[in-house]
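This report goes through one structure for a reader who has not seen it before. The sequence and the model come first, and the description follows.

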Amino acid sequence: MIQTLAFYLFAVLVIASGTFTILARNPVHSVLWLIVAFFNGAGLMVLLGAEFIAMLLVIVYVGAVAVLFLFVVMMLNIDFAELRAGFMKNFPIGIAIALLLLAELVLGIGAYRAGAMVLGTPDGTAAAAADTSNIASIGAVLYSKYLFLFEAAGLVLLVAMIGAIVLTHRERASGPHRGHQDIGKQVRRRPQDATVNARPDVGKGISL
Amino acid sequence: MDYANSLYLTGPEVFLSVSGLILTLLAAWGGRPSARYTTILAVAALFGAGALTAQFLINDAYSLGGDAFGGLYRMDAFGSMAKLLIYAAAIGCLIVTPRFFDKGTEYRPEYPLLVVFAAVGMGMMVSAADLMTLYIGLEMSSLASYVLASFARSDGRSAEAGLKYFVLGALASGILLYGISLVYGFAGSTSYPAIRAAFDGGLGTGAMFGIVFVLAGLAFKISAVPFHMWTPDVYEGAPTPVTTFFATAPKVAAIAMTARISLDAFGNQVDVWRQIVIFAALASILVGALGAIGQSNVKRLLAYSSINNVGFILIGLAAGTAAGTSAMLVYLAIYVAMSLGSFVAVLMMRDAAGNQVESIADMAGLSRTNPMLALCLAAMMLSLAGIPPLFGFWGKFVVFQAAVEADLVVLAAIGIAASVIGAFYYLKIVKIMYFDEPAEVVTGKSDLSHWAVLAICAIVVSPLGYLATKPLGVLADRAAAALVFAG
């Protein structure tokens, strides 16, 4: 009962926030609605028993992708009036693509109702162990059987990071001391190095 | 799982990765001034990895190698030979690079790092016995290559080359992954022996689509026609030492990887992929030969030449036999020397101000202004054309011989006809260098390191190379035997 309720809650919210994503006039609002859709999608995944995918949705899509979208939308100064200007010009192409997709959808559903098609002989796929959560089973093979690939994937990320730095890092305009703070030098500096006790005679100035 | 044995078998990759990590730290501490000694250490690391991998090729007892990490990775004579070629190409590229960049101040210690990590990825590609290892290795080498292509940041062409390579490479990776997912779906496993067993009886439509997509993705990486469009642009735009690297090491890796997956995972379905490989081979030979004729930039011309050569290499693969694979490896070895030599000769051509000369017209009369350079370049060109006293002829000869033995007489005949077309533009360069009025453009001096690499390549390509036919043939046969009968 509670599952059915939760399912309909998540499902309705996914569809609603998806609709608002494309209807919102302000792209920042669109991205925020997209985040709501991702969260509810994650809820659906939990209901299916795929808690690992649910976490990936939240961490990767909400945590990284959506935030990236937000940054891009905010930083690129997009002129939305101009974007919409070509609407009528591209309208026939849009309709054509929509019709194509509709035809594919109808064909797909028709073929599905006609019965399953056998394309090959998939076999030997490992069945999931029943009594462990899928995070535990992924962890069990990821760090043992696929250790080599796990480490190699880490190396791929390192290469990507080095690449990003190589391509974007610019060294500061170099002056002798510009923007450089030597904390050790600051701490080593003693009061007697910086201050002078002077007792000038009355009526005379002091020469520094 | 026996980790000690696995680490021993993956030794070259582990050693290179650890060296790469240490070099990363050195580069981070040393900053820009450390570029020179980082390069030297990277060359040393590549030599070390070569020493670790050579025993599997040289010692017959180890030539069948073994599986590491539960069959994800296989070390054998085939992988060993491909890796030695890759490391040799990477070393050649690293030796010529620092002096190339001296003019600008663009050289940074990240360059040797990226080459080392690319070599790690390529090593994984050629030793992959599982589709996942293949993909991760491919991504590692590709990511490093994209960055290397746009390494000269102040040069707009370099940035353009990097972007083109990245976008098209990502597309190719997508095609490859789609194929891999289909193959996995219909075979129920990503491991090569399991795929081979699953495809033993026959192929459904879906599995065949999977094979086609996998081969299309791989054809992109070896720049075989019809997936070659990026090659001239990227080769022209990238800094010349990087082009030297692109034309050699990734080609060897991708071709060796294609050979392993075709002969091992799809080894029971030779008839399915053979027609694709034959088409790609013929189209590459023709497009490579015809496309080069109109070029005025020597780097673009050499890019078409590399497309043309990939076609000849694929003829060896199309034979699908141990002899064909062995011929393919011999051709690859000679191709690496020819390609390295010709690109190094190109990067040595500088005008008086030290800028690169890339236009073919500016090479006129090079034989009088710089006779040694002209002689070496002429040797490379004639060898690429396959003219007998030079070593390039031997590669073409063994490949065509293997094709004829495998009853692919028509393929061999068309290949020979097309190589005559190809000879036209190679000879045109020789003619421009030797018989045209000197343009007096190429007057700059070259560094000793450039001469050293060029001299080694020239000696391999010269008729002296024929002294190596016997050992090269023995090693290639051993490598091919490890591959074709291992599955």
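In chain A of this predicted model, 47% of the contacts with a separation of 6 or more are between residues 24 or more positions apart. Chain A has 9 helices and 0 strands, and along the sequence its pattern reads α-α-α-α-α-α-α-α-α. Of the 208 residues in chain A, 8% are buried.

**Contact between the chains**

Chain B contributes 31 residues to the contact and chain A contributes 20 residues. On the side of chain B that touches chain A, the elements giving two or more residues are α5 (110–127), α6 (131–149), α7 (156–187) and α9 (205–221) of chain B. The most comes from α6(B), with 9 residues. Sorted by class, this side of chain B holds 18 nonpolar, 11 polar and 2 charged residues.

**Nonpolar cores**

The largest nonpolar core has 208 residues, and A90(B) and A119(B) have the most contacts inside it. Helix α14 (residues 322–347) of chain B gives the most to this core, with 19 residues. Leaving out residues up to four places away in sequence, A119(B) touches L16(B), L46(B), I86(B), Y87(B), A90(B) and A249(B). There is also a second, separate core of 7 residues, which includes L34(A), A37(A), F38(A) and L57(A). As a general background, nonpolar side chains tend to be buried together in soluble globular proteins.

**A pair of helices in chain B**

Helix α10 (residues 230–237) of chain B and helix α13 (residues 298–319) of chain B have axes that come within 8 Å and cross at roughly 140°. At this angle α10(B) is oblique to α13(B). The crossing in which α10(B) passes α13(B) is right-handed. From α10(B), the residues T231(B), P232(B), Y235(B) and E236(B) take part; they meet K299(B), R300(B), L302(B), A303(B), Y304(B), S306(B) and I307(B) in α13(B). The residues of this contact between α10(B) and α13(B) divide into 6 nonpolar, 2 polar and 3 charged.

**Backbone details in chain B**

Two residues with a positive phi are listed here.

| Residue | Phi | Place | C-beta neighbours inside 10 Å |
|---|---|---|---|
| F69(B) | about 50° | loop between β1 (66–68) and β2 (73–75) of chain B | 24 |
| S223(B) | about 50° | loop between α9 and α10 of chain B | 25 |

F69(B) is not a glycine, and neither is S223(B). F69(B) counts as buried because 24 C-beta neighbours lie inside 10 Å, where 20 or more are needed. By that cut-off, S223(B) is buried too, since its count is 25.

The loop between α9 and α10 of chain B, which holds S223(B), also contains P226(B). The peptide bond from V225(B) to P226(B) is cis, with omega near 5°.

What separates the C-alpha atoms of D2(B) and F69(B), which are 67 residues apart along the chain? The separation of these C-alpha atoms is 7.7 Å. D2(B) lies in the segment before α1 (3–9) of chain B. Is D2(B) buried or exposed? D2(B) is exposed, because 12 other C-beta atoms lie within 10 Å and a residue with 12 or fewer counts as exposed.

Conventions:
Residues numbered from 1 in each chain as written. Chains lettered and ligands numbered in written order. Predicted model: local features only at pLDDT ≥ 70, side-chain atom pairs only at ≥ 80, totals over all residues. Core = buried A, V, L, I, M, F, W, Y, C linked by C-beta atoms within 7 Å. Helix = DSSP H or I, 4+ residues; strand = E, 2+ residues; numbered from the N terminus. Contact = placed C-beta atoms within 7 Å. Axes fitted to C-alpha atoms, helices over the stretch in contact; angles between N-to-C directions. Parallel < 35°, antiparallel > 145°, perpendicular 65-115°, else oblique. Left-handed = near helix turned anticlockwise from the far one by under 90°. Nonpolar A, V, L, I, M, F, W, Y, C, P; charged D, E, K, R; others polar.
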